[in-house]
Amino acid sequence: AEITDEDVTYETTSFVSLETSPLTADNVDGTHYLVADSYGRGFMQTDSQLESRDEMLPAELNPEEETVLYFQAKAVNTDSVPRYAYFKNVAPNTDYTFDGEHGMTRAESSDEIFSISRLNGDPLSQEEVAVLLDPGEPISRERAATLGREDFSSRLRECREFWEQKLSEAASIELPETRIDEMTKAGLLHLDLVTFGSEPDGTVTPTIGVYSAIGSESAPIIQFYDSMGRHDLARRSLMYFLEKQHDDGFIQNFGGYMLETGAVLWSLGEHYRYTQDQDWVERIEPKILNSCDFLIDWREENVSDPEVLGNGLIKGKTADPEDPYRSFMLNGYAYLGLSRAAEMLDDIGSDHAEEIRETANDLKSDIQTALYGAIGRSPVIPLGDGRWCPTAPPWPEHQGPLSLFRDGENWFTHGAFQVRDSLLGPHWLVVQEVIDPDEPAADYMLESHSELMTERNVAFSQPYYSPHPWIHLQREEPKQFLKAYYNTLASLADQETYTFWEHYYHVSPHKTHEEGWFLMHTRWMLYMEVDQTLSLFRGIPRSWLSDGNTLSLDNVATYFGPVSVRLESALSDRCQITASVEFHSDRLPETVEFRIPHPLGK
């Protein structure tokens, strides 16, 4: 970071490394996923999981070697006369004592050293200091003294090599827009950074910033790992949900949410589509069947009377709001999870595949019946172009969008009136493959959402929860997609760290769920699978193909195996834009489709 205070510029560098050992993959032990999970907000563990966690906790919290935050600040005087630079030593939010002889700070509560500081190579002699410039965690005293002799530059070089090695193990994306290019690389590492577990191959928990992993919100994180060829990390992340699966097959890890079972089965199916790893599916088949049985039993409990609104749909809490209804989003995930499970099981010759597929199709039919009925009971709204458009509620028990307040209840939450309609709304059914992107119901949901619930095609609260950008790409509407893509990015991404806030009002920093969806939106903009077609560059902006620009994807993962793509603009030289694609497996699509938008609209 760089901070300018009139004539003095402070250049700061910070990173995390190990205490004494070189920072290499072989020296990183990680943290057991149950211990890491229990420090996330909203975590849920069974009694046996809590017991295991408590047994491991003392050893996990007291390793032989700690991780260490290294921080360096340099002050530069840019004026022609001497200027003062000001420094204050790191200080805890508790009572402490500073030792000026050795530059060490001790916490009163633990009587242990938690920081050691140097000024120009010598121990910092006082906590606060003014330096005249010419122009131009807690450890013992002995360990602190050893740490104080570490060379900052060599540790920084080592840290860079560690993270660059992680990038080299993944697919490579090179884009002509610097910020987006950097954010795709930083984003992959941000996700890795807060996916905790024992190294090198233990189960990991794909946390979402300060929150524990959730089957729904962790999905884009896991699926981006797969997209970038990090199938090992995706598999280890998925095992978190299977390891914590309840005895009855229910998957629940956060805040009483009830949609995780279907969402996790979906992500398992996506991982299988990328890897075609039938041996892995065979190993986890009992877990898959257990979760499918749970969803099937749950559905059967709700099949009672064909006259009941939403008959055959499960009901329960979908996200933060306490809404125990037959939510379309909840049921869409249940259908999608069962559908993907049947696909996996069919490929390994399981006798259960057909039964699960039939149940999934029955549930899909019931969801469609409930949705069409709900649209028929809901009001039409005026659009800005003079047309009128049908609407739909987030669950069949209500008539129309909740934010029209036809029932007189209060629905304001998370900073907006439209949250339940927009973020948890019926348009999720398009992503969940219940409604086709081009059918009239999708038209109604997309147009009414755009009219009532967005500004510049961005949702009013926690916008990455709304799936409409994906729907735009499926419908080959790049302008609408790009409007959502750039305005959401500009309003939520931190310009210094490239991480994402959860909300506009800056609740929950460094939220990897939002970052995961940004990365998946970027992935779909560059390449997406549509049935048996690989569609390339369906959403890229025209400016990316300005003369001299190059866009390349190297070994990105698709349903059709790893693929490399290159797009090169040579308009002034050869009046050409050239595209090439190379498949690195024999799993070829039926069709490859390029969209190459001329930068001048030609």
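Alanine 557 touches Asp226, Ser227, Gly229, His231, Tyr274, Arg523, Tyr527 and Pro562, leaving out residues up to four places away in sequence. The model in which these contacts occur is predicted. Alanine 557 belongs to strand 20, which covers residues 550-558. Its relative accessibility is 5%, so alanine 557 counts as buried, the limit for that class being under 20%. One of its partners, serine 227, is 330 residues away in sequence, yet the two C-alpha atoms are 4.7 Å apart in space.

The chain as a whole can be described next. Its secondary structure comes to 18 helices and 23 strands. Along the principal axes, the C-alpha atoms fill a box of roughly 80 × 65 × 55 Å. The radius of gyration is 27 Å, which agrees with the value near 25 Å for a compact globule of 602 residues. Of these 602 residues, 53% count as buried. The chain exposes about 27000 Å², and carbon and sulfur atoms supply 47% of that area. As for charge, there are 47 positive and 103 negative side chains. The centres of the two sets lie 5 Å apart.

The interior comes next. In soluble globular proteins, nonpolar side chains tend to be buried together. Here the largest nonpolar core holds 128 residues, and the members that touch the most others are Leu268, Ile288 and Leu526. Helix 10, residues 328-347, contributes the largest share of this core, with 12 residues. A second core, separate from the largest one, has 11 residues, among them Tyr70, Phe152, Cys159 and Trp163.

Leucine 526 shows what surrounds one of the residues named in the largest core. Apart from neighbours within four places in sequence, leucine 526 is in contact with Ile173 and Leu175. Its other contacts are Ser535, Leu536, Phe537, Ile540, Trp544, Leu551 and Leu553.

Towards the start of the chain, threonine 12 is found in strand 2, residues 8-18. Threonine 12 counts as buried because its relative accessibility is 18%, and the class is defined as under 20%. With neighbours within four places in sequence set aside, threonine 12 is in contact with Ala1, Phe71, Gln72 and Ala73.

Some loop residues have backbone geometry that deserves a separate look. Glutamate 199 and proline 200 are joined by a cis peptide bond, with omega about 10°. Proline 200 is placed in the loop between strand 12 (195-197) and strand 13 (204-206).

Glutamate 433 is a residue other than glycine with a positive phi, near 65°. The loop that holds glutamate 433 runs between helix 13 (428-431) and helix 14 (440-453). Its relative accessibility of 32% makes glutamate 433 partly exposed.

Cysteine 575 also is not a glycine and has a positive phi, of about 55°. It lies in the loop between helix 18 (571-574) and strand 22 (576-583). Cysteine 575 has a relative accessible area of 65%, so it counts as exposed, a class that begins over 50%.

Conventions: Residues numbered from 1 in each chain as written. Predicted model: local features only at pLDDT ≥ 70, side-chain atom pairs only at ≥ 80, totals over all residues. Heavy atoms only, no water. Core = buried A, V, L, I, M, F, W, Y, C linked by side-chain atoms within 4.5 Å. Buried < 20%, exposed > 50% of the residue type's maximum accessible area, 1.4 Å probe, protein only. Helix = DSSP H or I, 4+ residues; strand = E, 2+ residues; numbered from the N terminus. Contact = heavy atoms within 4.5 Å. Rg over C-alpha atoms; globule rule 2.2 N^0.38 Å. Areas by Shrake-Rupley, 256 points an atom, 1.4 Å probe, with all protein chains shown as cover. Lys, Arg positive; Asp, Glu negative; His and termini not counted. Charge placed at Lys NZ, Arg CZ, Asp CG, Glu CD.
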